[in-house]
Each structure stands twice: as C-alpha cells, then as structure tokens.
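Work through the exercises below with the sequence and the 3D structure open beside you. Try each task before you read its solution.

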Amino acid sequence: MPERLVALLLAAATVPAAASGLPPGRAAELETLVRQDCGACHGITLAGGLGSDIRPAALAARTPEGLAAVILDGIPGTAMPPWRPLISPEDADWIARYLLEDEE
Amino acid sequence: MMLRTLIVALMLALPAAAAELRGTGDLGVAVERTTGSLLVLDRSEHAAIGRVEGLGDLSHASVVFSPDERHAFVFGRDGGLTKVDILTQDIVGRVMQAGNSIGGAISDDGTLVAVSNYEPGGVRVFDAATLAPVADIPTGSRTLGLVDVPGRRFVFSLWDAGETWVADFSGGPEPAITKITGIGANPYDALVTANGRTYIAGLFGEDGLAEIDLWQEPLRARRILDGYAKDDPALPVYKMPHLEGWALAGERFALPAIGRHEVLWMDARSFEEVGRTAVHGQPVFAVARPDGRQVWVNFAHPDNDTVQVIDTLSGEIVHELKPGPAVLHMEFAPRGNEVWISVRDANRIDVYDTASFEKIAEIPAESPSGIFFTARAHRTGL
C-alpha cells in the first residue's frame, strides 16, 4: 500500500510540466483531476469502466490535438461530457500530453 | 498528513481487541480508495478502530455484510472480491474474479455473493463462506445495477444491451435466468425498494427511467418519468449519479436527475412526477434519512464541496453544508440521528447531527469514499 501512495506522490512531484505554460501548481491539480474525476468513469488507474481505457497504449492512435479536442468538447451521443466549461484549452492540452506520456 | 499517518499507525499498532467480547452492530467500514485499504469504524466511539490493507484498487468500491454482521465483502474496481473479518480486522478470503468490476450483492439467505463486472461483462456468483465459484453469468455487456431481492434472486442491468436480467438461485447453484429486453438505452445504475418489489434503472441514454414490478408475471419494464428533461438541453454530467442510495421519503421517491441540477420527486404508487427541487449541481446521491423526513444530496465535480438537505414535506432546501473538497458519500446511522460524510480531498470523515446540523466528530481517513454500516446486513438491496 505505501508504495502505491508514494508512487502517486512521486508522480505528482514529477509531472511533465516542462512543455506547458501552466501556472505553478496547476499541473498537480490537473493530475488530481485526471485520476479522481476522469477516473470516476475511466477508473483511477485509467484502465476503463463505463468510460474507455485511456492508458497510453489504448490512445496510441490519437494525436495530442485530437485528444485535447475530445476533452474540451466531449463525444456527443456518449457519456463523455465537454470539459470546456471547467478547464482552459491549455489545461486540455496538458492533460492530452499527460495521458499519452504517462508511464504507469 | 505525516503526523496523522503516524498517529493512525500507532493506533493500529495497539493489539486488536479480538480477545474482548464485543458486538458489531455499531461498527462499519470506510473505503480508502487510493491506498486500497478499509478503515474499521466504531459509531459509538466516533472513531476509526483499525485498518485492513491489501485490498487492491478500491476506487468506486462498495461493501455488503454477512447476516451476522461480522464479515464485510468488499468489491474492488480491479475485480478483487475480498472478505474481511471486521472483528479481527483480517482478510479471510480474497479472489481476483474479473478484470474490471462495479459492485455486488449478497443473497437474502446470506449464502451467495454476486459481483457485477464490466470486463468480462456479466455477473459471477460465489459461496459466501468460502468464496468458491458457484455460477458464471456472462452477459456480453458491461453489467451493473446489481441488487439482491427476496427468493435467493439477483437483478442486474446491461449498460450496452439495455436489458435487465433476473437470476434466480432458489433451485440451487444453476440459476434460472429471466431477461427483460428493451428497457432503454444505457442503464447506469439501479435501485430496489426495501420490500424488494420495485426495481428502477436510471437510463443515461433516455429521457426517463425504467421500472420493473418484480411481483408481476411476466416481468416487464415500463418507462417512468418519461421526458422529464425534454424542455431543456442536458447539462454536462461529470459523474454518474447513484441510485443505490435510493430515497423513499414518505410517499415519494427522491431521485437525482441526470443532466439537470434537480432532484425529482416521484409518487411511490403511480410513479408519476410530483415535483422538483432545484439544487446546487448535478446530484450524485439523494439519500433519505432512515425516517424519510429529510433528503441529503451531494454533487458531481465541480460542485462536490457541498451538501444540501431537503425537507421532505415542503421539498425545500432547509440547510446547506460545505464539508470540504470532494464529498463522495453519506451514510446514516441506522436510526438517522447522525450522518457520516466522506470528504475525500480533506482526508477526513465528518459526523453530523441530523437534527441540529452540528458537526459532532472528525475522523482522519486516507481519501475516503464509501462508508458502510453493518446495519445494511439486514436491508434488502443494500
């Protein structure tokens, strides 16, 4: 158990904030959002649930731009909601890259 | 956080009280979702009295209890089914029964535990004593909304296929399956009333719900609250509502609307809408205090720091709380005098007096989600 928690904390500390122009601390908030709130449907490990598997291997065919568009505008006719009311395009871009790069 | 962890660790290092005689009627458990652990709770002491670790991925985990209120069956998201002795605080059985799971139920006679699975889609049933497999019911669909009903039966719904199935184990380990097709698109959760008669499935893909009267033959589904949202475009839903914490408040059900910031009131006999209460956000749980006098509501992201209390008689919001970031679940004491609220991102369970709305206690917990008291052992559908 503690290893897992430590792994999560470590992951939060080493989020690939590099390429983003996000304000300080925002990347950690977005990672929590991905794990906990996207995780409500996609699972906390992102392996899927009612929502699809969104681990890197499952997203291999996606581009960061395409993924960011799905995050912002959702997929009509499915349970994937548009997140544009809650997050910025820069946030969505960070999440898209995070999902594609995440090593877990 | 360090200090709290240390204190909990020291508490847990004390010898377990298994040598002392004690009952379990005032105990319960809270799921700690990110650490895969279960916190054992004492309602009388307003305290955590132990922690059981090693239960796997417990995001969205739920729990049912054995008839003697000693064992908790924990349904993990990763397909793990774990049987925990809450007196000795040990894991006494564990099987990885599927790849991706969403809750379970225990039969009315306490001998069968059923789990509904997304992957592979279906329901698997186990011997409650040994966790040995009893039956496998593949559905070819992500399966959810699983409840126990009288007569050694389980009822569950198929997200992808839009069906509800009844598995009847009254004749032994080979279930008799009844399929109710065409209930509507994408059932996302379901409830059964306390008498085991009425099964209601929420439909994500429809503007209404499906109702099945389990006392009638042949079984069939009918659409209820049809078109409740037809006048307005749906709002985004950032977390699916739950129906299993159903609220039968007096003569009326309180149900979370989907895609609307409303609680819907439905007559318990006619199943017609009799009113709405505008609330703070997308409701997730709308749960009645056990006496039915109040309905407590929590909300989806980004409004999940808030809880509202609706007076059943007037349908008006009589109180609002801001317990903290990410309120995930509310569990009432069996007689309703207290409500225990998990505040995930504050790493805390808060206990409130439901008459005065005063906070009585705070209990440290790691990312707590579901809270389950042992009194559920004696309730159909919980």
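The exercises go from one chain, to the contact between two chains, to single residues and charged pairs.

This is a predicted model, in which local features need pLDDT of at least 70 and side-chain atom pairs count only at pLDDT 80 or more, while totals for chains, interfaces and linings use all residues. Residues are numbered from 1 along each chain as its sequence is written, chains are lettered from A and ligands numbered from 1 in the order in which they are written, and side-chain values use heavy atoms, with hydrogens and water left out.

**Exercise 1. Describe the secondary structure of chain A, and examine helix H4.**

Step 1. Helices (H or I, at least four residues) and strands (E, at least two) are DSSP runs, numbered from the N terminus. By this rule chain A has four helices and zero strands, and the order from the N terminus is α-α-α-α.

Step 2. Buried means under 20% relative accessible area, exposed means over 50%, and partly exposed lies in between, with a 1.4 Å probe and protein chains only. Of the 104 residues in chain A, 41% count as buried.

Step 3. The expected span of a helix is 1.5 Å times one less than its number of residues. Helix H4 of chain A (residues 89-101) has 13 residues and should therefore span 18 Å, which agrees with the 18 Å between its end C-alpha atoms.

Step 4. The buried residues in H4(A) are A:Asp91, A:Ala92, A:Trp94, A:Ile95, A:Ala96, A:Tyr98 and A:Leu99, and what covers them includes H2 and helix H3 (64-73) of chain A. It helps to remember that an α-helix has 3.6 residues a turn, so residues three or four places apart point the same way.

**Exercise 2. Characterise the contact between chain A and chain B.**

Step 1. Contact means heavy atoms within 4.5 Å, and here 24 residues from chain A and 24 residues from chain B take part.

Step 2. Buried area is the accessible area (1.4 Å probe) that two parts lose on being put together, summed over both. For chain A and chain B this comes to about 2200 Å², with 61% of it on carbon and sulfur atoms.

Step 3. A salt bridge is a side-chain nitrogen of Lys or Arg within 4 Å of a carboxyl oxygen of Asp or Glu, and the rule finds zero of them across this interface. A polar contact is a pair of N or O atoms within 3.5 Å; within protein, one must be able to donate a hydrogen and the other to accept it, and residues adjacent in sequence count only if both atoms are side-chain atoms. Seven residue pairs between chain A and chain B are in polar contact, both residues being at pLDDT 80 or more.

Step 4. On the side of chain A that touches chain B, the elements giving two or more residues are helix H1 (2-13) and helix H2 (26-42) of chain A, and the largest share, five residues, comes from H2(A).

**Exercise 3. Are B:Thr374 and B:Thr312 buried or exposed, and where does each lie?**

Step 1. B:Thr374 is in the segment after strand E32 (368-373) of chain B, and its relative accessible area of 0% means that it is buried. Leaving out residues up to four places away in sequence, B:Thr374 touches several residues, including B:Phe65, B:Glu69 and B:Ile86.

Step 2. B:Thr312 lies in the loop between strand E26 (307-311) and strand E27 (317-321) of chain B, and B:Thr312 is buried because its relative accessible area is 8%. The side chain of B:Thr312 reaches the backbone oxygen of B:Gly292 at 2.7 Å.

**Exercise 4. Which residue forms a salt bridge with B:Arg51, and which with B:Asp109?**

Step 1. The partner of B:Arg51 is B:Glu32, with the closest N and O atoms 2.7 Å apart. B:Arg51 lies in strand E3 (residues 47-52) and B:Glu32 in strand E1 (residues 27-32) of chain B, so the pair ties together parts that are 19 residues apart in sequence. Both B:Arg51 and B:Glu32 are buried.

Step 2. The partner of B:Asp109 is B:Arg152, with the closest N and O atoms 2.8 Å apart. These two residues lie in loops of chain B, so the pair ties together parts that are 43 residues apart in sequence. B:Asp109 counts as partly exposed at 37% relative accessibility, and B:Arg152 counts as partly exposed at 22%.
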